[in-house]
Amino acid sequence: MCPGSFDPITSGHLDIVERALSLFDRLVIGVADDVGKESLFSLETRVALVRGAVADKAEVTVDSFSGLLVEFARRHGATVIVKGLRAVSDFEHEWQMAQFNRRLGPEVETVFIMASHQYTFLSSSLVKEIAAYGGDIEGLVPIQVEKELSQLYGRQKS
Ligand code: PNS
């Protein structure tokens, strides 16, 4: 299970998905409904963009969830939560969540995968910020996301 807010999905997320598929036969991407912050894209759009980005991967299913992640994992029969780590700065929050998830669902293990070095600086928030100011985000997000952001911020993608 690979959970996140995916607001929107980036090439960094896809890198983790691909790395996870080298370890696991099946992957469920869980798009969180309530992410504790205002999201740019609606849940439906976030799910659609994730689905589009992994359409070529038969082993991957995409579903949305609200409430506790471990409950969602249980519903899908998932026993592993996969999270990506970009830098040490990600660690503390991820460590805290992993400890809580272990307390809430001891049967579910959290596994961390190191992001590829070219994506260590990449985040959905910065992609949105760059796009909002008309900057080039080519290669940082799947093409459909790039189009969606260009449309939103009025930058035409040729
Ligand atoms: O992409 P994000 O914002 O880092 O994803 C965070 C997410 C959605 C994985 C996390 O907030 C989450 O698991 N939310 C579900 C609620 C939950 O189970 N909280 C307890 C975990 S400590």
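The following exchange concerns the pockets and the ligand of a predicted model.

Me: What makes the contact between serine 5 and the ligand a polar contact?
Reply: An N or O atom in the side chain of serine 5 is 2.7 Å from an oxygen atom of the ligand, and because a polar contact is a pair of N or O atoms within 3.5 Å, this pair qualifies.

Me: Why does leucine 69, which counts as nonpolar, have a polar contact with the ligand?
Reply: The atom concerned is a backbone N or O atom of leucine 69, which lies 2.8 Å from an oxygen atom of the ligand; the cut-off is 3.5 Å and applies to N or O atoms, so the class of the residue does not enter into it. Taken alone the ligand exposes 550 Å², of which the protein buries 74%.

Me: Where does the ligand sit, and what does that statement require?
Reply: The ligand sits in the largest pocket, which means that more than half of its atoms lie within 2 Å of the grid points of that pocket. The space in this pocket is about 1,300 Å³, and among its 42 lining residues the closest to the centre are Pro3, Gly4, Ser5, Lys83 and Glu94.

Me: Which helix gives the most to the lining of the largest pocket, and what does it give to the shell around the ligand?
Reply: H4 gives the most to that lining, with eight residues, and the largest share of the shell around the ligand, three residues, also comes from H4.

Me: How is the shell around the ligand divided by class?
Reply: The shell has seven nonpolar, four polar and two charged residues.

How values were computed. Residues numbered from 1 in each chain as written. Predicted model: local features only at pLDDT ≥ 70, side-chain atom pairs only at ≥ 80, totals over all residues. Heavy atoms only, no water. 1 Å grid on protein atoms, 1.4 Å probe; cavity = no way out; pocket = protein on both sides within 12 Å on 5 of 7 lines; lining within 4 Å. Points joined across faces, edges and corners; volume = space filled by probe spheres on them. Helix = DSSP H or I, 4+ residues; strand = E, 2+ residues; numbered from the N terminus. Polar contact = N/O pair within 3.5 Å; in protein donor to acceptor, adjacent residues only side chain to side chain. Areas by Shrake-Rupley, 256 points an atom, 1.4 Å probe, with all protein chains shown as cover.
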